[in-house]
Structures are given as structure tokens and as C-alpha cells.
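Me: I have a structure open and want to go through it with you. Can you take my questions one by one?
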Amino acid sequence: MAFHPLAASRVHLAPLLPCPAAPASAAHRRRFSAIVATAAASATTEFDFKAYMGERAAAVNRALDAAIPAGEPPAALHDAMRYALLAGGKRVRPALCLAACGVAGGREAWAMPPAAAVEMVHTMSLVHDDLPCMDDDDLRRGKPTCHVVYGEPIAVLAGDALLSLAFRHMACVDSYPPDVDPEKHPARVVRAIGELARCIGSEGLVAGQVVDLEMTGSTGNVPLERLEYIHLHKTAALLEASVVIGAIIGGGSDEQIERLRKYARSIGLLFQVVDDILDVTKSSEELGKTAGKDLASDKTTYPKLLGLDKSREFAEKLLCEAREQLAEFDKEKAAPLLHLANYIAYRQN
Amino acid sequence: LVSVRASSTAPTASASFDLRRYWTSLIAEVESELDAAMPMRPPESIHSAMRHAVLPGAGKEGAAKRAPPVLCVAACELLGAPRAAALPAAAALEMLHAASLVHDDLPCFDAAPTRRGRPSTHAAYGTDMAVLAGDALFPLAYTHVIAHTPSPDPVPHAVLLRVLAELARAVGSTGMAAGQFLDLAGAAALGEAEVMQVLTKKFGEMAECSAACGAMLGGAGPDEEAALRRYGRTIGVLYELVDDVRSASGNGKMRRNASVLRALGMDRALGIVEELKAQAKTEADRFADKYGDRVLPLYSFVDYAAERGFELQDAVATP
């Protein structure tokens, strides 16, 4: 995937973009939070992010529940898919997809099938990632992982089935509400499916996993460019897909779609930088997954390469870049995406 | 097995249609489509593993037969549509099929060290890379169909979406994955209904999907599509059942487990073979009046699936 080079590698060379520079001090985190709290309040005073996310997560969960073939055998395979898919989680990717559809001028309901699809893909990647031959994780979202409960072969199959279901659900005309534009909708869905497939394949998500695997076990630190490649593919690619396919289904112009793509890449990398920071600053209980795992496995992370303060600075810069992309859109419609970016920056788990 | 004539009125396949030549030329086209769809690029390890899985070359058991794509193209051409409309979907079928096989060969499943006489993907590239190669082949199939199917003309976007949904359905939790799941349950204890269910899900669904995609891409009406679906499903099961019968009687390659024969017994298995042949020919008969000689590939597939009148790998080696 031809990502534009992001500037993690320039984090200690170039000045930060027009954003309030945060001093590298112990109070940094608190001040960082204060800056955003102000920005968020000034953007939209009435926007209730918590309620927005709660409603979207509930709607997405209903869509996911309804999308798994009910009553059709084999029951145990569908149980395993449900176990992995309906385990809770914040549904950040579907929310991004729905919000992008709204920003691009569509009705959020149009993007519910792709929103469900990206969550299925995300879940599938987690199920396979947790396998003993991969990361070998026993705990996910505070619960035993899929292969621990159902066994390895069923976990492999459940992942494959979720991946297939994502594309089937997205391609099926019956998945969409009746008020989509009958002329333009099919072409949009074809384009959106192409985007999703490209972002999760051997030049997207899988590429990130492969390079990550190849790094594991190698001694010494991974260079910053390589770390960025892994995160841009392993994490940002699916966030990019979520936002871009939402914008496509919403009928956004090519220019709007590209702007939102840049937004998604910035928050995608931001997501991972924050993850790295949380891994060294939070407990397993707070995270719902094994904390300190990166340190224990001697994995290269942003805090390790840049230090904690520089990592936070970099996160702030990425947040600013993401917010810049939203400046061209209607303020009210862009509020969910703005708050999602803030949420990704300031989440505590 | 005794050859059964297609029907009293239908022309015999061998008279004016050479399946071996048709199949061989199509394999070459599909192989070059697949080769072009998977160029070596970074990260090279994963693309190399994907190529290994999809382009197995001529191992000791010969080249891949590419039956799903051939069925897809034949269904499309039956309806008079250009081959180019079906070729990308045909290649995608092979990618999806290969992805399922790569995962089916993993140590936690069949633990197969070889496939078609070559090391299986996990044996050559490691288990982790094999999981990822499968995961990457699924989306590549959809990317390929979208990028290369001539759309919106002659294939409208709405039809392309139906093809994508069909491909995804066939390898999903009610299709091939269901068959793999049922297969895990332990074949020895299965009765006839369960064994036929495994064959239908593992092999029938994929063949039905091949025929259905060809039908949609060729512009089939609902009745024609339904008939081609039934035809494809029947052919897929017939082919596997005959494989088991042949391996049990020493005529074919030995399968790892001959559970079908164990569950059914030879007499019953041969009875089912005849039933499936008759069913497939009945479906093909529906097209004979309207499409004339273009129906001949359909008849000849039935005969080939039942009789294995020639060895395809010889044809590939010496075209």
C-alpha cells in the first residue's frame, strides 16, 4: 500500500505542526488533556460523545448479532463466531465508518453493513493473531481467547468464516436500508469492497503482521521507519478502510474521500502510539489484556525508541494532523470524527 | 464404472467436443491470470507463500486441475457471454479454494506435510506465515474480481455484487468452512446423511459457486441460474465420491481417509454415483434445446467426473 510517509522519523528533527507545543515534563499528560478538553468544548458544545458512542455501539451490536446466520448449522462454528464477535469492545472502527458516511453527506444507516464488516474483519484478525502459532494470547477483552474456548482448528475456521461474512454482508443488497440511491449505490459498494479488500490484504493489514513477525526475535531495536511501517499497515490500514468505505457509501467526493483517508492514517498511527504508551503505563486489569507484554517480549515500541515524552509529543502531532483534515467539513457533521480522534488519543485502555 | 449416455436425445459429448483440449487451454489462461495477479513485491515472504499456495506447479501428482474455474467459464460461455467476463472470477475461485486448503493443511487440522506432491504451505513457510497467506488470499480474490471483471459493461455493478456475495458465501460458515468443521467431528462415526453433508459442504458448495458465478456473469435468468447451481453442486459431490471409489479400488490416488466408503459401503456409493450422474444430466438437458452444442461441455464434465476418461496432467505436460 502506498502510504504517504508520515513523520514519526522526523519527530526529533522537525518542529511540531501548528499546535501548542507540550513541554517534556511530568505534568505533560495532564496539560495535553487540558488542551484537548478546551478544543473539544469550543468545537461543539452540545455534542455528547459518550451518548453518541453508546448508541452506535448498541446499533452495531444489533447488526452484528443479526448478520450471523441464525439457526443454520453448524451451530458450534456459529457459536465460536458469536463468542469472538459479540465479546463487547468499543466498536471504534464501526463508529468511524458510520461517522465518515455522515460527514460525506450520507445517512449513517447506509454505512451500517460496511461498519459491521470492518468489525468482523477486526475480530477475525484478533482471533488469528491470538493463535498459539502467532502471538499465543490467552486473554482478550478480559475473556479467554477464542482458541482457548473452542480449540485451534475452530478458531482458524471461525476467523475465516468471519472474513467471508464481512464481504458477503457488505455485498448483499438486502443488508442495506431501502432509501439508498438505486443508481449510484451498487457502484459505491463495489468500490468500497475493493478498498476494504486492499487494506486488509498482503499490502495492508497482513503486510503489517508479516513484517511484525519477521521483527520478532531479532535482536536490537527495530528502526523507527520499520516500526511505522508495521503500525501503518497493522493498525492504520483497517482504520483507513473503515473511514474510506464509510465516505464512499455516503457519496463523498474524491477530494473528501482523500482528506478523510489522511485523517484515518493519522489516527491509525495515533491509535498504536497510544497503545504503546498504555502498555507501559497501565495494568492488565485496566487494559483488559496482558499489560507490559511488549516490555516482557522485548518488543520495539515508541516509548522504547523515543522515550515516553517524545512519544506523547508525537501522539499530539498526529492528533493535530487528523484535526486539520476535518477543518474543511461542516463543523457539526464533523463533530463525531473530531471526538473519535480525541478519544483515540486520550483513551485509558 | 459403466458409461451412461447423457439422454436419448442429447448428443454424445465426444462427438464434437474435446473436453481435454478445452480444459487444457483454459488451465493455461487461468494460470497466467493467477501469475499476473500475484507479482512478487514487498513483503516478499508473504507473496512468495501465496504464490506457493496458488501456483503449485507440476509436483509429483501433476499440475492443479483447476476444476472450479473451468466450470465457471463453461457456465458463462454456455449462455453465450465472452470468456473475459468470467476469467477474473475463475481466478478468484482458485484463490479462495487455495486459501481454504492452506488452512485445512495446518498442523491443528489435517497436519498435511504435502499437497499435490509438494510441501504444503505451512511446511514450506511456517505455520504463522501459512495462516497469514490464507488470510491474504481471501481478500485478494475479491480485489481481483473487482479490478478485472469488465464492469459496468458488460457486467453491471449489481451483478458484480451478487458474484462477490456468492464467492464469500461459498467459503463461509454455511459453505466450505461448514464442511471443514463437520469433517473435524470425526469421520469414522458418521452415517450416510452426515457423510453426504460433508461432501456437499466441502466440495458441492464450491462447485455450485463456480457454476453460479459463471451463470451470473453470463447474464443467466433466475431459472437458468438455479439449474446451473444444482448442476454445479451435483458435479462437485460426484467428483469427490468417484475419487473415493477409485482410491478404494486402487484406481486413483489414495486419500487420507476413505470415510465415505466406510460409511456407505461400495454398493451404496456406486448407487449414489449413478443418481448424481442422472441428476447432473437432467440439469444439463434443460439447456440442450436453447443452446445447442454449447451444452456439450456440461455433458462431458459429467462423464469426466464419473469416468476419468483421461489424465489431465498428461495433457498439461504435452499440450
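Me: How much of chain B is buried?
Reply: This is a predicted model. In it, 59% of the 319 residues of chain B are buried.

Me: And how many helices and strands does chain B have?
Reply: Chain B has 15 helices and two strands.

Me: What share of its contacts is between residues 24 or more positions apart?
Reply: Taking contacts in chain B with a separation of 6 or more, 74% join residues 24 or more positions apart.

Me: What about the accessible surface of chain B?
Reply: That comes to about 11,800 Å², and carbon and sulfur atoms hold 53% of it.

Me: Switching to the interface. How many residues of each chain are in contact?
Reply: On chain A there are 46, and they meet 39 residues of chain B. The two chains bury about 3,600 Å² between them, with 78% of that on carbon and sulfur atoms.

Me: Which three residues of chain A bury the most against chain B?
Reply: A:L157, A:V190 and A:S202, which together supply 15% of the area chain A buries there.

Me: How many salt bridges between chain A and chain B?
Reply: One. B:R41 pairs with A:E203, and their closest N and O atoms are 2.9 Å apart. Six residue pairs are in polar contact between the chains.

Me: Which element of chain A gives the most to the side that touches chain B?
Reply: α7(A), with 12 residues. Elements giving two or more residues include α3 (75-85) and α8 (185-200) of chain A.

Me: How does that side divide into nonpolar, polar and charged?
Reply: The side of chain A that touches chain B has 32 nonpolar, seven polar and seven charged residues.

Key. Residues are numbered from 1 along each chain as its sequence is written. Chains are lettered from A and ligands numbered from 1 in the order in which they are written. This is a predicted model: local features need pLDDT of at least 70, side-chain atom pairs count only at pLDDT 80 or more; totals for chains, interfaces and linings use all residues. Side-chain values use heavy atoms; hydrogens and water are left out. Helices (H or I, at least four residues) and strands (E, at least two) are DSSP runs, numbered from the N terminus. Buried means under 20% relative accessible area, exposed over 50%, partly exposed in between (1.4 Å probe, protein chains only). Contact means heavy atoms within 4.5 Å. Accessible areas come from the Shrake-Rupley method with a 1.4 Å probe; for residues, only the protein chains shown count as cover. Buried area is the accessible area (1.4 Å probe) that two parts lose on being put together, summed over both. A salt bridge is a side-chain nitrogen of Lys or Arg within 4 Å of a carboxyl oxygen of Asp or Glu. A polar contact is a pair of N or O atoms within 3.5 Å; within protein, one must be able to donate a hydrogen and the other to accept it, and residues adjacent in sequence count only if both atoms are side-chain atoms. Ala, Val, Leu, Ile, Met, Phe, Trp, Tyr, Cys and Pro count as nonpolar, Asp, Glu, Lys and Arg as charged, and the others, Gly among them, as polar.
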